[in-house]
Amino acid sequence: MNKYALLVLVGVIVLLSAALIGTLVFMTNKPVESRAVQVIYDIAPMEPDSELWGRNFPNQYSSFLGTGDNVLDTTYGGSSKFSHLEKDPRQVILFAAYGFSLEYNDDRGHEWALTDVREIKRVNETTPGTCYSCKSSDNPGLWAEMGMAEYDKMKFSELGEHINNTIGCANCHEAETMRLIVTNPALEEALEAQGKDWRTFSRQEMRTVVCANCHVEYYFKGDGKYLTFPWQNGTKVEEMYEYYTEIGFKDWEYPEALTPMLKAQHPEYEMFTAGSTHYNAGVACADCHMPYARDGAAKYSDHNIRSPLFQPERACGQCHNDVAYVTGRVAVIQEQVYNTKIATEDAIIDAINAIKAATANPASDQALLAEARELHRKSQFYWDFVSAENSMGFHNPQYVLKILAESTDLARQAQMKAAQAANDPSLLQVDTYYLNQESGALAP
Ligand code: HEC
Ligand code: HEC
Ligand code: HEC
Ligand code: HEC
């Protein structure tokens, strides 16, 4: 190497170092935008008492407490626990002989989670402890202490003695660092089965994944009621259905039709991440449900998690200029999805009636009848995947309408197969169900 080249090289190195030092000095001199209050008290790992965390983070804590005060409703959601069965009595028929036909209320704020699970009529002496998995900040500590298998084996009443706190900071944060973490072992295992490690996820991805600790489809595996997410084949409705069929799982049997049924649970995470416009654009659950708020110079995430329609300026306006336009789109999308969903329900009820009649007929072709039941099972799970999801389609409108179209088609096929099985064309009758205000019964 000649002398000049060496000189140039040294010159370049000196310049680069100066630039780096300059940048560092500039960065440290710049006032940091304060996103959190200085940590004053030590918080024990997995501390279940949110109030203790709140001493360090008063803005996050007081906004979090707000989830206990929300009572207003939106057109399809909101924070009161209105009855889905009263709003749409078709669901009493669709869940016949299953707990959800007894009481099925809309979700409300995180502060209410523990109260609501203890009050619901679906809970009885046989209810497994597993039902507490998404309701309490005591869980991370209990899982670490006894392991999830032991936790899930306990009865609801027995486990309840160890549970004193509703959802809290420990469900989403690591106390030492305040970073977002996966706390539910079932989520950890479901991600692992897909070859994913959340510790490698970006911060933006964690702003969605942290909600998947609870806002997901799940089932209780085996006699130990082991909490399991059916994600082995993937998280699309098609892939979960395939999984349930492979393992021969059923939640209950439909009375008189004898169909082995599945109940879907709040699959917000799966619906949102199945290629929705927002997810593909890198938007996270927390962007809409926990928009930034300000307390003087401090910027913090609003922990009063609720419908974004109560504060669209902050929830949507951070990205969209025309807030009235996008909230108008929400109204249109939800109305279309709601009406399509009701048409699907009518089709499923027709299928149920036809299968019941064909089952009661001893001359029915049993092979065709079994096919009809399989179509009913699939149709209702697809419908429920949309119905039990809490955004009335907004999280992924195109996907939701595709699923409902398939579900309606499957239900009509089920009805036709049942008519064929019984060789009875009268079972092909198409009805629209409505509530008889006088008798209170649902009838064509
Ligand atoms: C682009 C904004 C946006 C994103 C991202 C988003 N949501 Fe929503 N979410 C909404 C809107 C709008 C509604 C409908 C609210 C209503 O009907 O009042 C909603 C409804 C809900 C509801 C029911 C609220 C109620 O009032 O009953 C839950 C629960 C929910 N979302 C959870 C999630 C989860 C979990 C994620 C991420 C997996 C997510 N959301 C991502 C906008 C969003
Ligand atoms: C530890 C479990 C858990 C985690 C984690 C969790 N949720 Fe929830 N969430 C629930 C439960 C349970 C309810 C229903 C409580 C009730 O109805 O009593 C709920 C209710 C909601 C509601 C309805 C509020 C209302 O006023 O109607 C929204 C919106 C919501 N969650 C969004 C989110 C978002 C966004 C995340 C992630 C940042 C998240 N949740 C993380 C368990 C959880
Ligand atoms: C349902 C999940 C959830 C719960 C429960 C929760 N947080 Fe958070 N928290 C989040 C999310 C999501 C963020 C945004 C993190 C990010 O942007 O990296 C956040 C951010 C924070 C931050 C960072 C500063 C900020 O505001 O963005 C602090 C501090 C914090 N939370 C404190 C708390 C405290 C204290 C509690 C209990 C009272 C709590 N959190 C409960 C999900 C949760
Ligand atoms: C963090 C940014 C962000 C937030 C917050 C956000 N959006 Fe969006 N939204 C986007 C992006 C990016 C797109 C993709 C199209 C585009 O580039 O305009 C989009 C697209 C949309 C579309 C068109 C959807 C489609 O399939 O073409 C609607 C409707 C919409 N958003 C409504 C809302 C509503 C309502 C809220 C608040 C509840 C909201 N958005 C919050 C970033 C955001």
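User: Which element gives the most to the shell around ligand 3?
Analyst: H3, with three residues. Helices here are DSSP runs (H or I, at least four residues), strands likewise (E, at least two), numbered from the N terminus. This is a predicted model, where local features need pLDDT of at least 70, side-chain atom pairs count only at pLDDT 80 or more, and totals for chains, interfaces and linings use all residues. Residues are numbered from 1 along each chain as its sequence is written, chains are lettered from A and ligands numbered from 1 in the order written, and side-chain values use heavy atoms, without hydrogens and water.

User: Which residues come nearest to ligand 3?
Analyst: Cys169, Cys172, His173, Arg203 and His303, out of 20 around the ligand. A residue is near if one of its heavy atoms lies within 4 Å.

User: What does histidine 173 do there?
Analyst: An N or O atom in its side chain is 2.8 Å from a nitrogen atom of ligand 3. A polar contact is a pair of N or O atoms within 3.5 Å.

User: And how far are arginine 203 and serine 301 from an oxygen atom of the ligand?
Analyst: A polar side-chain atom lies 2.5 Å away for arginine 203 and 2.6 Å for serine 301. Helix H3 (58–65), helix H11 (203–209) and strand S6 (298–301) each give two or more residues to that shell.

User: Switching topic. How many disulfides in the whole structure?
Analyst: Zero. The test is a pair of cysteine sulfur atoms within 2.5 Å.

User: Why does cysteine 211 count as partly exposed?
Analyst: Because its relative accessibility is 24%. Buried is under 20%, exposed over 50%, partly exposed in between (1.4 Å probe, protein chains only).

Note on methods
A polar contact is a pair of N or O atoms within 3.5 Å; within protein, one must be able to donate a hydrogen and the other to accept it, and residues adjacent in sequence count only if both atoms are side-chain atoms.
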